[in-house]
Amino acid sequence: MTDTAPDTTAGSSPRPEAQRRVLTVLVSGQVLSGAGLAAGITVGALLAQDMLGSTDLAGLPSALFTAGSALAAVAIGRISQARGRRPGLAAGYLTGAVGSAGVIAAAVADSAVLLFIALFVYGAGTATNLQARYAGADLAAPAHRARAVSTVLVATTLGGVVGPNLAAPTGRLADSLGIPTLAGPFLLSGTAYALAALVLAVWLRPDPLLLARSLDLRQRTEATEVTTRGPGLMPGALTMILTQLVMVAVMTMTPVHMHDHGHGTAASGLVIAIHVGAMYLPSPLTGWLVDRYGPTLIAAASGLTLLGAGITAAVAPADSVALLAVALALLGLGWNLGLVSGTAMITDAVPLATRARTQGMVDVSIAIAGATGGLASGLVVSAAGYPLLALTGGILALAVLPAIAATASSR
């Protein structure tokens, strides 16, 4: 938008109005993408287990689409850096839709190889869903960045909660179309991702990152960014990496654990819906807490919350849907605390000129951590059981605390 370039003074800046529009469009896209994101969480592991006839590699789907999200994070970051958030995010969601179609084709053909390739491509939707949070912060004032990030994240809640509960209806729809039942949720994800891509491609104008550059926001924020770059970047990345690894590992094997103990798709879908709701619904409160008390304190709280989730999941009887739901709710909450606080640290620590590229690389590390957690989860459960996986994950999350302590002492 050429008419924004001259308005660089505080009094005439179009930033507040543009920020409201950007958040409105991002929220619309996130509602749709949340439904697409939930499909792979709910039935991806079950679909692989059904095809392979073994639990050993049930965590592979999660590892694949999180690995795919790592590659997508690099691509989205580079596209966004060069051309803006709009083309980067739209391309990511469209790629996720293509991956969903590939999963359906693999299920129809009963091809495990095609399934794994398609799940890798499907991971682009996951990466895009997370990258959108950065777009919400591009035009936000420094004191309100965490709340802007939270606004984008909480929008995922509606689609994320509704999506898993549509596993059974979409399964019946798939049956009527001659598609295997477990592939049904990917009908929803493909449609949702395609619509999200359309919404962003058409309406995400002005582009938040390009407008932020044209207004030269660095003049107002660089003093803070330079002073926080050292302690903010690494602890922020570590917080998000650890919370992602633990969350993906436990989340991936919960539906398999429930299935192996006689629970149906509806029960596991309910638990995952509660989990996804806890991942995103607390975002406004988390954003306010980060802006009010600082990201380091909230990052420390994420580690403790994930420990509580691991302990609860480990001691929950296999026939108790309620306790598993509590454990997965704590797991989602701990992830939310870590993601919002870590995102705030990263955004504050990186200058605007290189922000998108750096954010993309950080999200690569997050995706690799998720892939590692997803792949290892099936092996751990096969060898030692679900309770040990949950407890180990909770203990591992406590590694956030030394990083936070080091950050505090450096300041």
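Trainee: Which residue does Arg85 form a salt bridge with?
Mentor: Asp138. This is a predicted model, and in it the closest N and O atoms of Arg85 and Asp138 are 2.6 Å apart.

Trainee: And where in the chain do those two sit?
Mentor: In distant parts of it, 53 residues apart. Arg85 is in helix H3, which covers residues 85-109. Asp138 is in the loop between helix H4 (112-137) and helix H5 (145-154).

Trainee: Is Arg85 buried or exposed?
Mentor: Buried, because its relative accessibility is 1% and the cut-off for buried is under 20%. Asp138 is buried as well, with a relative accessible area of 2%.

Trainee: OK, how many salt bridges does the structure hold?
Mentor: Four. Another one pairs Arg133 with Asp363, with 3.1 Å between the closest N and O atoms. That pair also links distant parts of the chain: Arg133 is in helix H4 and Asp363 in helix H15 (residues 355-384), 230 residues apart.

Trainee: What's the relative accessible area of Arg133?
Mentor: Arg133 comes out at 0%, so it is buried. Its partner Asp363 is buried too, at 5%.

Trainee: Got another pair for me? What does Asp291 meet in a salt bridge?
Mentor: The side chain of Arg147, at 2.8 Å from N to O. Asp291 belongs to helix H12 (residues 283-293) and Arg147 to helix H5, and 144 residues separate them along the chain.

Trainee: Are those two buried or partly exposed?
Mentor: Partly exposed. Asp291 has 24% relative accessibility, and Arg147 has a relative accessible area of 32%. Both get that label because partly exposed runs between the 20% and 50% cut-offs.

Trainee: Switching to empty space. How many cavities of 30 Å³ or more are there?
Mentor: Three. Take the second largest cavity, which has a volume of about 60 Å³.

Trainee: What lines that one?
Mentor: Ser69, Ala73, Thr126, Ala127, Leu130, Gln244, Asp363, Ile366 and Ala367. Helices H2 (60-83), H4 and H15 are the elements that give two or more residues to that lining. You've met Asp363 already: it forms the salt bridge with Arg133.

Trainee: How does the lining divide into nonpolar, polar and charged?
Mentor: Five nonpolar, three polar and one charged. Asp363 is the charged residue there, because Asp counts as charged and Asp363 is on the lining list.

Trainee: Where does the second largest cavity lie relative to domain 1 and domain 2?
Mentor: Between them, because both give residues to the lining. Domain 1 covers 15-222 and domain 2 covers 232-409.

Trainee: Now helix H13. What span should its 21 residues have?
Mentor: At 1.5 Å a residue, the 21 residues of H13 (295-315) should span 30 Å. The end C-alpha atoms of H13 are 31 Å apart, which agrees.

Trainee: How many of the residues of H13 are buried?
Mentor: 15 of the 21, so H13 is largely enclosed by the rest of the structure.

Trainee: Last one. Which helix is Ala349 found in?
Mentor: Helix H14, residues 321-349. Ala349 is buried, with a relative accessible area of 1%.

Trainee: How far apart are Ala349 and Met234 in space?
Mentor: 9.3 Å, C-alpha to C-alpha, while in sequence Ala349 and Met234 are 115 residues apart.

Key. Residues are numbered from 1 along each chain as its sequence is written. This is a predicted model: local features need pLDDT of at least 70, side-chain atom pairs count only at pLDDT 80 or more; totals for chains, interfaces and linings use all residues. Side-chain values use heavy atoms; hydrogens and water are left out. Helices (H or I, at least four residues) and strands (E, at least two) are DSSP runs, numbered from the N terminus. Buried means under 20% relative accessible area, exposed over 50%, partly exposed in between (1.4 Å probe, protein chains only). On a 1 Å grid over the protein atoms alone, a cavity is a set of points where a 1.4 Å probe fits but cannot get out, and a pocket is an open set with protein on both sides within 12 Å along at least five of seven lines; lining residues have an atom within 4 Å of a point. Grid points are joined across faces, edges and corners, and a volume is the space filled by probe spheres set on the points. Domain bounds come from an automatic or database domain assignment. The expected span of a helix is 1.5 Å times one less than its number of residues.
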